[in-house]
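Please open the structure in your viewer and keep the selection panel at hand. The stops below say what to select next and what is to be found there.

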Amino acid sequence: MTPTMTTDVIIIGAGPVGLFAVFELGLLGLRAHLIDILPRAGGQCAELYPEKPIYDIPAIPSCTGQELVDRLLQQIKPFAPTFHLGRSAQGLARTADDTAWQVTLDDGTILTGAAVVIAAGGGQFEPKKLPGAQAFEGKGVAYAVRETQAYRDRDVVIAGGGDSALDWVLALAPVARSVALVHRRDAFRGAPASEAAVRALVAKGQVALLIGQITDYHGDEAGHLARISLRLTGQGDEATITQEVSCQALLAFYGLTMRLGPLADFGLALERQLVVVDTARFETSLPGVFAIGDINTYPGKLKLILSGFHEAALMAHAAFGVCRPDERLRFGYTTTSSDLKARLGVHD
Ligand code: FAD
């Protein structure tokens with residue numbers, strides 16, 4: 001049976017702007033579900049620059065991308081949004097009785113809400129894939145780890161030079177039969193402590209470090225990955241050698257790209273792959289469907305977090321009219337409104 005969940009507002013994208021939308025909607029008493037294809041919230045801030053300082057968030061002279069996300073998550077806690085992480089929003093349609101919107105997720109779950117907020121940034125993040133490995137996707141080649149125990153007693157090869165690759169080497173080394181890390185050069189972009197821990201395992205012979213590139217994939221009789229070929233480059237040595245390595249599981253962490261994806265087929269008016277909105281309500285060409293943050297376009301648009309926060313506040317007031325058509329919205333300040341303070345769970 002298809003799982004169905006009902007809420008006031010469905011937010012597609014759990015980047016900084018989607019998270020702040022939860023807050024603005026929550027202040028008005030509207031409940032929200034958030035969907036993100038990534039396994040954690042934070043969008044570009046968490047994925048692309050978690051440790052870099054941001055200097056242009058009002059009243060916060062400096063905070064890193066991850067700190068901003070952590071503060072937003074703390075700020076929206078009183079409104080207890082439901083997260084659907086690791087899930088992609090695949091479809092948008094009206095309900096059969098035309099009273100609400102339905103968003104379908106890639107696992108078949110259907111979310112129903114009076115309003116939808118598209119806060120999808122530059123589109124959904126997707127892993128950069130290994131060239132030529134498509135035939136083995138789901139048959140040994142993967143770009144994320146869902147369950148560590150699935151790697152027990154396997155020969156695992158991890159490709160990449162950033163934090164994800166190093167972290168998964170450390171997590172899978174005690175579980176797998178063997179773990180090899182493949183990177184094109186003998187230098188890593190990840191946290192120095194993780195790199196040191198990986199190098200210690202290499203020194204003890206518990207992890208193999210292979211400097212070079214994957215050149216070919218070989219399957220067993222059932223079509224599952226069994227071995228890979230590598231072109232290895234010696235340190236400071238121009239000569240290369242080719243080697244075959246036993247490998248039933250190949251995990252590649254080459255970073256992420258962004259793609260508009262299924263949103264392109266939602267029937268929204270688009271301009272250069274961005275969703276066209278008005279600047280009073282931040283509503284799209286579909287009534288009750290709003291777009292805020294990097295995904296939208298209007299005259300004078302600046303792709304800044306600050307702009308997305310402003311858009312979230314105006315959107316929330318417009319969405320209230322859609323979700324509660326029979327109620328009048330009273331404007332209030334969080335400093336003085338007892339209604340807003342009650343929703344935040346704070347007292348004078
Ligand atoms: P995003 O952060 O892009 O989040 C959108 C989320 O939606 C993503 O997590 C994505 O996976 C998800 N998504 C998309 N489609 C789907 C789908 N169909 N299903 C499920 N999930 C989906 N801005 C500043 O104001 N100040 C700065 O100093 C600054 N520095 C930056 C530095 C760098 C290196 C970069 C790359 C950007 C910087 N920015 C800065 C820009 C800022 O990060 C963006 O404006 C901000 O992240 C936009 O937030 P968002 O929530 O709209 O989108």
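**A tour of the model**

Select Ile 37 together with the ligand: a backbone N or O atom of Ile 37 lies 3.1 Å from a nitrogen atom of the ligand, within the limit for a polar contact, which is a pair of N or O atoms within 3.5 Å; within protein, one atom must be able to donate a hydrogen and the other to accept it, and residues adjacent in sequence count only if both atoms are side-chain atoms. The protein covers 86% of the 1000 Å² of accessible area that the ligand has on its own, where accessible areas come from the Shrake-Rupley method with a 1.4 Å probe and, for residues, only the protein chains shown count as cover.

Before going further, note that this is a predicted model in which local features need pLDDT of at least 70 and side-chain atom pairs count only at pLDDT 80 or more, while totals for chains, interfaces and linings use all residues. Residues are numbered from 1 along each chain as its sequence is written, and side-chain values use heavy atoms, with hydrogens and water left out.

**Around the ligand**

Stay with the ligand and add Gln 44, whose side chain places a polar atom 2.8 Å from an oxygen atom of the ligand. Adding Pro 16 shows a polar backbone atom 3.5 Å from a ligand oxygen atom.

Now widen the selection to the whole shell, which takes in 32 residues, the closest being Asp 36, Gln 44, Tyr 49, Asp 56 and Asp 294; a residue is near a molecule or strand if one of its heavy atoms lies within 4 Å of it. Colour the shell by residue class and it divides into 16 nonpolar, eleven polar and five charged residues, with Ala, Val, Leu, Ile, Met, Phe, Trp, Tyr, Cys and Pro counted as nonpolar, Asp, Glu, Lys and Arg as charged, and the others, Gly among them, as polar. Which elements each supply at least two residues of this shell? They are helix H1 (16-27), strand S2 (32-36), helix H2 (43-48) and strand S9 (124-127), where helices (H or I, at least four residues) and strands (E, at least two) are DSSP runs numbered from the N terminus.

**Aromatic pairs**

Next, show the aromatic side chains; the structure holds six aromatic pairs, a pair being rings of Phe, Tyr and Trp (its six-membered ring) with centres within 6.5 Å, counted as stacked if the planes are under 30 degrees apart, edge-to-face if over 60 and tilted for the rest. Select Phe 23 and Phe 79, an edge-to-face pair at 5.7 Å centre to centre with 65° between the planes. Phe 23 lies in helix H1 and Phe 79 in the loop between helix H3 (65-75) and strand S5 (82-85), so this pair ties together parts that are 56 residues apart in sequence. Both Phe 23 and Phe 79 are buried, a term for under 20% relative accessible area, with exposed for over 50% and partly exposed in between (1.4 Å probe, protein chains only). Extend the selection to Phe 20 and Phe 309, and ring pairs link Phe 20, Phe 23, Phe 79 and Phe 309 into a cluster.

Arg 94 and Trp 101 make a separate stop: Arg 94 lies over the face of Trp 101, at 4.8 Å from the ring centre, the criterion being NZ of Lys or CZ of Arg within 6 Å of the ring centre and within 35 degrees of the ring normal.

**Further stops**

Move to His 84 in strand S5, which counts as buried at 9% relative accessibility and whose side chain is joined to that of His 33 by a polar contact of 2.8 Å.

Then select Ala 316 in helix H6, which counts as buried at 0% relative accessibility. Ala 316 and Ala 21 are 295 residues apart in sequence, yet 7.1 Å apart in space, C-alpha to C-alpha.

For backbone geometry, go to Ala 80, in the loop between H3 and S5, where phi is near 35°, a positive value in a residue other than glycine; Ala 80 counts as exposed at 59% relative accessibility. Arg 272, in the loop between strand S18 (270-271) and S19, also has a positive phi, near 50°, and is exposed, with a relative accessible area of 65%.

**The whole chain**

Finally, zoom out to the protein chain, whose secondary structure comes to seven helices and 21 strands. Its C-alpha trace spans about 75 × 45 × 35 Å along the principal axes, and buried residues make up 48% of its 348 residues.
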